[in-house]
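Here are a few quick exercises to work through with the viewer open. Try each task yourself before you read its solution.

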Amino acid sequence: MRKLLFVLAAVAGLLATALVIAPAQWVASTLKNATGGRVELADASGTAWNGSAVLVLASSPDPAAPRATLPERLSWRLSPWSLIVGQLDLTVTHPSALTQPLAVRAPLLGGGEATLNATTLRLPASLLIGLGAPWNTVRPGGILLLTWDRLQIGSDRIQGNVSAEWQYASSALTPVSPMGHYRLQTNGVWPGTQLDLLTISGPLELKGSGTIAAGGRLRFTGRAQAMPGTDPGVKAQLTGLISLLGRRDGEGALLNFGG
């Protein structure tokens with residue numbers, strides 16, 4: 001009996017040690033499988049509980065699909081002790097993409113809400129190319145800022161103010177750079193999210209409004225046009241891009257996404 005207890009204790013010790021030193025590649029493999037290969041953690045190092053990797057976005061699992069890589073490595077810390085009591089306690093940091101560490105707290109079993117602390121996510125707009133069409137055609141440049149206050153995420157509802165900005169916006173479809181600075185504001189709830197797009201500055205004006213209903217159904221209408229008073233030469237250089245953004249309407253184009 002004593003020998004059996006000793007063997008069981010040794011096995012338990014080995015299992016505990018294996019979990020503690022579980023390689024970061026486990027996290028990378030799990031995330032890749034869960035997202036169908038669209039989100040990858042490349043060159044993962046460290047352990048599942050304290051590791052780092054390079055974030056890669058892809059439009060599909062196809063190896064030939066467009067991919068975009070986030071500069072610098074992101075790091076994560078996952079508390080194994082919280083998992084024991086059924087709670088996810090994850091902290092993600094990045095030297096340039098996150099203004100402060102992103103803390104994610106969520107119950108592993110149903111019936112509760114996940115929370116994300118307030119932060120700002122700063123990304124190169126070129127990262128969108130990895131999502132495929134239409135971004136791999138537009139080939140955007142500039143900086144994307146996604147800012148939110150404390151988010152509460154339930155099984156069928158999200159609460160928390162979220163806004164997005166596209167600064168120093170550019171596109172491979174026009175030599176005008178920057179072509180503008182844009183902001184997308186929400187009313188802080190989902191479903192029933194209200195969207196408002198406005199132009200802060202720049203020769204290309206983008207404006208519109210829309211909604212995101214349950215199931216992620218997007219409806220958005222707006223207009224793209226050169227700002228009044230824009231230099232005729234600059235206006236001519238924006239014509240091709242405006243034509244690709246929507247159905248021509250006079251000197252502008254009508255934006256219409258969803259149904």
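**Exercise 1.** Find the strand in which Ser52 lies, then decide whether Ser52 is buried or exposed.

*Solution.* Keep in mind that you're looking at a predicted model. Start with the location: Ser52 belongs to strand β2, which covers residues 50–58. Next, take the relative accessibility, which is 14% for Ser52. The cut-off for buried is under 20%, so Ser52 counts as buried. Finally, look at what surrounds the residue. Skipping neighbours within four places in sequence, Ser52 touches Asp43, Ala44 and Ser45, plus the run Arg73, Leu74, Ser75 and Trp76. For the wider context, buried residues account for 36% of the chain's 259 residues.

**Exercise 2.** Work out the strand order of the nine-stranded open sheet and pick out its edge strands.

*Solution.* The chain has 19 strands and five helices, so go strand by strand through the pairings. Tracing them gives β8-β9-β12-β13-β15-β16-β17-β19-β18, with antiparallel pairing. The edges are β8 (119–124) and β18 (247–249), since each pairs on one side only. Neighbouring strands here are turned by 15° against each other on average, direction ignored.

**Exercise 3.** Zoom in on β9 and β12, then find the helix that packs on the sheet.

*Solution.* β9 (residues 140–148) and β12 (residues 162–171) are joined by eight bridges in the antiparallel sense. As a register check, Thr147 sits opposite Ser163 in β12. Now the helix: α5 (residues 232–245) packs on this sheet, touching β12, β16, β17, β18 and β19. The direction of α5 makes about 160° with that of β17.

Technical notes
Residues numbered from 1 in each chain as written. Predicted model: local features only at pLDDT ≥ 70, side-chain atom pairs only at ≥ 80, totals over all residues. Heavy atoms only, no water. Pairing = 2+ DSSP bridges. Helix = DSSP H or I, 4+ residues; strand = E, 2+ residues; numbered from the N terminus. Axes fitted to C-alpha atoms, helices over the stretch in contact; angles between N-to-C directions. Contact = heavy atoms within 4.5 Å. Buried < 20%, exposed > 50% of the residue type's maximum accessible area, 1.4 Å probe, protein only.
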